[in-house]
Amino acid sequence: MAKSWEEINARIASGEAVVVTAEEFAEIAKADGVTAAARKVDVVTTGTFGPMCSSGVFLNFGHSDPPIKMGTITLNDVPASGGLAAVDTYLGVTEPSLTKGIEYGGAHVIEDLLAGKAVRLKATGPGTDCYPRTEIDTWVTLEELNQAYFFNPRNAYQNYAVAVNSSDRTVFTYLGPLLPRLGNATFCSAGALSPLLNDPTYRTIGVGTRCFVAGAPGYVAWEGTQHNPNQTRDDHGVPVAPAGTIAVIADLKAASPEFFSAATFTGYGVSSFVGIGVPIPVLDEEIAETLALTDADIQATIIDYGVATRSRPSFGRVTYAQLRSGEITIEGRKVPTGPISSLPKARRIAQVLKEWVGERRWTLAPPLQPLPQPGSQAFKPLEIRNEEAV
Amino acid sequence: MARRRLDLTFPPRQATKAIAYHLVKDYDLVPNFLRAQIQPGQQGRMLVEVSGKKESIDAAIAFLGEEGITVAEAASDLDLDEGRCVVCGLCTAVCKPGALTLATGDYALVFDKDKCVYCEACVVACPRRAVTLTF
């Protein structure tokens, strides 16, 4: 049994396509078997809503009179990049405010823009013959910007670490406060609903894939930064630790505050929850096998964040079902668990995407270019060295 | 055995009184102090859970009143802004008494006030700054 992209698209276009979420697909496969589920269902939708630090927006402000070549730029006191053309900028979500620190950052500016609030733009420039103005202080809204679009260099991590802390003091991390002496464990994945865990070897998700980005229709633009297809994989071919990533692009003006939320991690910094969802065509039984996996089948690796080195020690693996139960066992000790990625939001994203494909008749397309496949590229560290050692 | 959570407000002149001694010795109560702000010469506040006989608790409350201490039932001091909360669940990972949990099935955030010891771990952990504690 195999279905082509064209056959699936024809069914979407005629309104006959059977579209279900990854959780629903697993239930169908459990009841009727994977073969029957693969025959019955055309598209499976996924979703995730976790903190994704490598996110941000490109903005174009338009030109003032007289015009300015913006060099230093702040939005509500949060610095944005001045290293582009005169009135273009990139605002990263993790940038902290000059006045409020990590309690307000790039992510909060984006949240305010999405909420329709006016944001204070201040910039200085060198003053040139073509851009004589040297200072500007004004207010902008999302509606008035010429362009405003997300370009998130790394979203939707394919699996992530389970964080614990063996040290004697609380450590404050991007995975939340980790209590001393294995006092808790936090984890950050939508598990069986997560986009890249449902397509573990990137057969259908690649450059050009249509996806849901913060409530807006968007695209996979490239492999994400730190994309590591060579991570250890289980018998299903599913990575057991952080592996693939995607870079995504989408119109900020079409996004929704429901699916983008600024975050502050105490003692760490600013980040943003970004909603990502990808529809996956049920091309054959092979992909149906991984689409049918549940949280009980998917594992993550427990990492000790109490050790502040690049390679942190591991305490073995657990399944997402164990993590979701609220308690795991590490070296005979019961350790309470808590998520950072919102499952209710991930479910909502998968449902919204179901409507987009089923009712709005969002047809799918094979990748214009595949993401780097397992075995194709190494994930390199940064060595500290002097010029002579290069 | 009864158990009640009391919010005590001390006038400045009374703020150093050893009420724990009286609650234990005179009324045979087991006090569990959850939060306290006591500064000599200033108004003080204490959140205490007392366990004991119902009539002993009533008598102790009357005693505290006579001492000039204002006694109120502990109100919901933990405020969760549902408009800000994204139900990530991180607060449940730091809540040692298990007052904040995620429901099985829909993973909705559940707050059990009786288990809360007002330690503020959730306030610090919440990436949305959706939890506040008034006392």
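The paragraphs below go through a predicted model, from chain A as a whole to a central strand, its aromatic rings and two single residues.

Because the model is predicted, local features need pLDDT of at least 70 and side-chain atom pairs count only at pLDDT 80 or more, while totals for chains, interfaces and linings use all residues. Residues are numbered from 1 along each chain as its sequence is written, chains are lettered from A and ligands numbered from 1 in the order in which they are written, and side-chain values use heavy atoms, with hydrogens and water left out.

Chain A has 8 helices and 28 strands; these are DSSP runs numbered from the N terminus, helices being H or I with at least four residues and strands being E with at least two. Along the principal axes, the C-alpha atoms of chain A fill a box of roughly 70 × 60 × 45 Å. The radius of gyration of chain A is 22 Å, which agrees with the value near 21 Å for a compact globule of 390 residues. That radius is taken over C-alpha atoms, and the globule rule is 2.2 Å times the number of residues to the power 0.38. Of the 390 residues in chain A, 54% are buried. Here buried means under 20% relative accessible area, exposed means over 50%, and partly exposed is in between, with a 1.4 Å probe and protein chains only. Among the contacts in chain A with a separation of 6 or more, 72% come from residues 24 or more positions apart; a contact means heavy atoms within 4.5 Å.

Strand β22(A) is a useful place to start inside the chain. All of its residues, 9 of the 9, are buried, so β22(A) is largely enclosed by the rest of the structure. Several strands pair with it, a pair needing at least two bridges found by DSSP. β21(A) is joined to β22(A) by 6 bridges in the antiparallel sense, and A:Phe260 stands opposite A:Val274 in β22(A). These two strands form a hairpin with 3 residues between them, and A:Gly267 in the turn has a positive phi of about 75 degrees. Strand β3 (residues 48-51) of chain A is also antiparallel to β22(A), over 4 bridges, with A:Gly50 opposite A:Val274. Strand β18 (residues 210-213) of chain A runs antiparallel to β22(A) as well, joined by 2 bridges, and there A:Val213 stands opposite A:Ile276.

Aromatic rings come next. Over all chains, the structure holds 14 aromatic pairs. Rings of Phe, Tyr and Trp (its six-membered ring) pair if their centres lie within 6.5 Å; planes under 30 degrees apart count as stacked, over 60 as edge-to-face and the rest as tilted. The rings of A:Phe150 and A:Phe260 have centres 5.5 Å apart and planes at 45 degrees, so this pair is tilted. It links distant parts of the chain, with A:Phe150 in strand β12 (residues 147-155) and A:Phe260 in strand β21 (residues 260-265), 110 residues apart. Both A:Phe150 and A:Phe260 are buried. The pair of A:Tyr174 and A:Tyr268 is edge-to-face, because its planes are at 65 degrees, with centres 5.6 Å apart. A:Tyr174 lies in the loop between β14 and β15 and A:Tyr268 in the loop between β21 and β22, so the pair ties together parts that are 94 residues apart in sequence. A:Tyr174 is partly exposed at 27% relative accessibility, and A:Tyr268 is partly exposed at 39%. Ring pairs link both of them with A:Tyr157, A:Tyr160 and A:Tyr305 into a cluster.

Charged side chains also meet rings. A charge sits over a ring if NZ of Lys or CZ of Arg is within 6 Å of the ring centre and within 35 degrees of the ring normal. The charged end of A:Arg210 sits over the ring of A:Trp362, 4.7 Å from its centre, and that of A:Lys345 over the ring of A:Phe259, 5.9 Å from its centre.

Two single residues remain. A:Ser341 lies in the loop between β27 (333-339) and α8 (343-358) of chain A and is buried, with a relative accessible area of 2%. Not counting residues up to four places away in sequence, A:Ser341 touches residues including A:Phe49, A:Gly50, A:Arg324 and B:Cys88. A:Lys40 lies in helix α3 (residues 34-40) of chain A and is partly exposed, with a relative accessible area of 44%. Leaving aside neighbours within four places in sequence, A:Lys40 is in contact with A:Val18 and A:Ile28.
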